Each structure stands twice: as C-alpha cells, then as structure tokens.
Amino acid sequence: MSDPTRPVYVTRPDLPPIEELMPYLEQIWESRVLTNNGPLHKRLEQELAEYLGVKYVSLFANGTLALMTALQALEIRGEVITTPFSFVATTHALWWNNIKPVFADVEPRWLTLDPQRIEEAITAETTAILPVHVYGNPCSVEEIGMIAKKHGLKVIYDAAHAFGVKKNDLPLVSFGDLSVLSFHATKVFNTFEGGAIVSHDAGMKRRIDLLRNFGFTGEITVAEHGINGKMNELQAAVGLVQLKHLGDNIGKRKAVADTYTRELHGVRGIKILMPPADVRTNYSYYPILIDSDEYGRTRDELYEELRSHNIYSRRYFYPLISKMDTYSQLPSSQSENLPVAMKGASKILCLPIFSELNLAEVKMIASLIAGLRC
C-alpha cells in the first residue's frame with residue numbers, strides 16, 4: 001500500500017464537510033430546539049422520503065429502536081421466522097418484544113432467507129416474517145409476499161444494508177408491511193447513530209410516531225406503551241448534509257467495488273457476491289466467499305494474513321446468531337437445520353470499502369489476496 005503502516009479497516013465513516021454543518025448547528029443553538037420532532041428532524045424525514053421514493057419515513061435514534069418499534073406497531077406476537085445470517089440486533093429486537101425467533105435457512109446465492117425454508121417453518125404460532133436484505137442484496141420479495149399473503153402473516157424487512165437500493169426500479173423499502181433502516185456510522189448514509197421505519201399509509205405513520213415518543217398524544221395524555229426512540233436535531237443536521245454528498249460517495253464506492261471485481265476476477269477459490277442484474281445497489285459492502293479447497297487457505301487464515309498487513313476485513317456475519325449463547329438452545333438453532341447458513345458463515349469475508357479508499361490500495365489488497373492463494 002502507499003502507506004503500509006496505515007491500517008485499512010473494512011469501512012470508514014463518511015463525514016460531512018464541517019463548514020456545511022456549521023449553519024445547521026448555529027440554527028440549533030439559536031432556536032434551542034434540540035430534539036422532540038424539531039424542524040431539522042421534520043425536514044430530514046421529508047427529504048429522505050423523497051430520496052427513497054416512499055410515502056412515509058419515521059426517524060429514530062438508532063436502527064435497533066426502530067426495529068423494536070416496528071414490531072410493536074404491527075402488534076407482532078408469538079413466533080417470527082427470521083434468518084440466523086444477520087447482525088444480532090435483528091433477533092434481539094424480537095426477544096425484547098417477548099417474541100420467539102424461529103430460524104430458517106438461507107439460499108446459497110445471496111445468503112438471504114430461502115422462501116421454501118420459510119414456508120416449512122410456519123406453525124400455528126407464526127405471526128410474521130423478518131427477513132434481511134443481506135449486503136443490500138434483495139430477499140426474494142415477491143415469493144415472501146405470496147407466502148405471507150397465503151398464511152396471513154406480516155412482513156417486516158430489516159433493510160439496514162439497503163438504503164437507496166432498487167429492484168426493477170422499485171425502492172426495496174417499498175416491499176413488505178414495514179422496512180427498517182440503519183443510519184449507523186458504518187452505513188452508506190449515516191447520522192452517526194440513527195435509523196428509520198418506512199411505512200406506506202398515514203395511519204401507520206401516526207402510530208409509529210406515537211410509539212416513538214412514549215405514546216404521548218398531548219402534554220399529559222399517554223395512549224400507548226411507547227418508548228423514547230426519537231432522533232435529535234444534531235443527528236438530523238448530519239443527515240441533511242450527508243444526503244447532499246450521497247451520490248458522490250456511492251460513486252466512489254462503486255469505483256472501489258469495480259476495481260476489486262476486475263482485480264479478483266479469475267482467482268480460483270474466490271467467489272464474489274455480485275448483486276442481481278435487476279438491482280441498483282449502494283455498494284455498502286464488498287463480500288466474497290473463500291472456498292478453502294480451491295484457494296488453498298481457509299477464510300480465517302486469509303483473515304489473519306490480511307490483518308498482519310494492517311488490512312482489517314470482517315467475517316460478517318460470523319458466527320451465526322443461532323450459534324450465540326443467547327440463542328443456541330432454540331430448536332431452530334441446530335446446525336442440521338441451517339446447513340447453507342453454516343457454510344456461508346464459514347466462508348464469508350467482507351473486504352474494505354469506503355468512499356475515501358484509494359484505488360491503488362484496493363489493487364494492492366486484491367493483489368495480496370491473489371498472491372496468497374496456495
């Protein structure tokens with residue numbers, strides 16, 4: 001690399017130009033409106049709805065609170081079918097709502113929930129499906145929608161990786177009953193911390209906003225068992241500035257991804273999880289699968305070798321949620337129930353990708369990976 005002593009991490013947060021943020025900060029200081037659905041909060045909700053091509057966006061302090069509230073808004077109870085191949089917050093949100101997670105296996109191409117496995121997992125206690133658009137690659141939304149309609153189930157999409165992603169020119173967050181976004185610092189669009197729920201009608205938007213603010217309908221009236229999920233004005237200000245630079249940042253990420261793809265093409269034992277042809281992606285991650293038989297090294301051996309060169313990739317998602325102590329005793333967590341997810345978790349590696357990553361460094365990382373093949 002150009003500077004071999006500089007660590008290269010799997011991601012680096014995009015920060016807005018400080019000079020563009022200052023007018024918003026001055027506005028906050030002058031108005032003394034720091035939170036509670038302030039003017040910047042309202043403006044960001046509107047601009048995000050326009051950018052995403054959806055009717056309603058409800059902002060939250062983080063994506064986990066948004067997911068927990070989405071489950072409450074739809075009054076989900078009993079069992080929910082979900083994926084073990086995700087960040088643990090997906091399943092934690094179920095547990096905190098006293099909902100039993102039921103893990104189903106994923107399909108091998110993009111590691112998203114397999115519709116056939118979903119249908120096999122449905123019981124009399126099933127009330128909803130919670131799929132994840134992994135790395136921004138869409139779940140089988142049409143098939144999942146048909147299964148949900150057939151069995152009378154709700155669908156909440158964990159779209160933490162899928163900000164701005166489109167499938168056949170349709171916003172990915174327009175599918176399902178609700179979609180939940182994350183604006184964590186590692187995401188393509190971030191507000192340092194933050195998240196949102198995308199809904200499709202005014203009544204659901206009102207209910208979500210009510211639950212987000214303790215259930216208050218007036219100064220002294222509480223109508224719901226709500227939570228404090230509000231996004232503050234500083235986070236909203238960061239989001240408003242970030243949105244102006246999003247197109248440029250995604251373009252730079254695309255250049256990184258294209259360079260990896262070109263440089264790694266033909267390296268035996270490396271499979272790139274390319275997005276489907278009908279998808280406009282956001283280049284939030286660059287995942288590859290390591291076939292140790294063909295590559296000559298295991299995924300973990302490559303991971304450690306990269307670390308020794310100050311390149312910090314990530315085994316994302318490893319281990320499976322079903323293997324974590326908090327969920328390993330569930331009947332659906334058994335390895336024989338999840339063979340594809342188990343294999344994927346043992347092979348997956350996300351390479352560094354962010355807007356400021358130098359393309360010369362990208363080539364060096366790819367060259368190193370190719371050269372390590374035994």
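Two strands are said to pair if DSSP finds at least two bridges between them. The close-up views below are taken from a predicted model.

**View 1. Seven strands form an open sheet with mixed pairing.** Across this sheet the strands follow the order 2-10-9-6-5-3-4. Strand 2 and strand 4 (100-103) are the edge strands, each of which pairs on one side only. On average, neighbouring strands of the sheet are turned by 25 degrees against each other, direction ignored. Strand 3 (residues 79-82) runs parallel to strand 5, and four bridges connect the two. Within this pair, Thr 82 has Leu 130 of strand 5 as its bridge partner.

**View 2. Strand 10 (residues 195-199) is largely enclosed by the rest of the structure, because five of its five residues are buried.** Gly 195, Ile 197 and Ser 199 point one way from the strand, while Ala 196 and Val 198 point the other way. Strand 10 pairs with strand 2 (residues 56-60) in the antiparallel sense, over five bridges. In that pairing, Phe 60 is matched with Gly 195 of strand 10. Strand 9 is also an antiparallel partner of strand 10, here over four bridges. Val 180 stands opposite Ile 197 in strand 10.

**View 3. Helix 2 (residues 39-52) and helix 7 (residues 202-212) lie across strands of the seven-stranded sheet.** Helix 2 crosses strand 2 and strand 9, and runs at about 130 degrees to strand 2. Helix 7 lies across strand 2, strand 9 and strand 10, and its angle to strand 2 is about 10 degrees.

**View 4. Three strands form an open sheet with antiparallel pairing.** The order of the strands is 11-13-15. Strand 11 (270-272) and strand 15 (348-351) stand at the edges with a single partner strand each, so one side of each is left without a neighbour in the sheet. Neighbouring strands here are turned by 35 degrees against each other on average, direction ignored. Three bridges join strand 11 to strand 13 (residues 286-290), and Ile 272 has Ile 288 of strand 13 as its bridge partner. Helix 8 (residues 233-264) lies across strand 11, strand 13 and strand 15, at about 25 degrees to strand 13.

**View 5. The largest pocket has a volume of about 450 Å³.** Its lining consists of 26 residues, and those nearest the centre are Phe 87, Ala 89, Ala 160, Ser 182 and Lys 187. Helix 3 (63-73), helix 4 (89-96) and strand 9 (178-182) are the elements that each give two or more residues to this lining. By residue class, the lining comprises 11 nonpolar, 11 polar and four charged residues.

**View 6. Two tyrosines with positive phi, Tyr 135 and Tyr 283, lie in loops.** Tyr 135 is not a glycine, yet its phi is about 60 degrees. The loop that holds Tyr 135 connects strand 5 (126-130) and helix 6 (141-151). Tyr 135 counts as buried because its relative accessibility is 3%, and the cut-off for a buried residue is under 20%. For Tyr 283, likewise not a glycine, phi is about 55 degrees. Tyr 283 is placed in the loop between strand 12 (279-280) and strand 13.

**View 7. A cis peptide bond joins Tyr 318 and Pro 319.** The omega angle of this bond is about -5 degrees. Pro 319 belongs to the loop between strand 14 (311-312) and helix 11 (339-347).

Note on methods: Residues numbered from 1 in each chain as written. Predicted model: local features only at pLDDT ≥ 70, side-chain atom pairs only at ≥ 80, totals over all residues. Heavy atoms only, no water. Axes fitted to C-alpha atoms, helices over the stretch in contact; angles between N-to-C directions. Contact = heavy atoms within 4.5 Å. 1 Å grid on protein atoms, 1.4 Å probe; cavity = no way out; pocket = protein on both sides within 12 Å on 5 of 7 lines; lining within 4 Å. Points joined across faces, edges and corners; volume = space filled by probe spheres on them. Nonpolar A, V, L, I, M, F, W, Y, C, P; charged D, E, K, R; others polar. Buried < 20%, exposed > 50% of the residue type's maximum accessible area, 1.4 Å probe, protein only.
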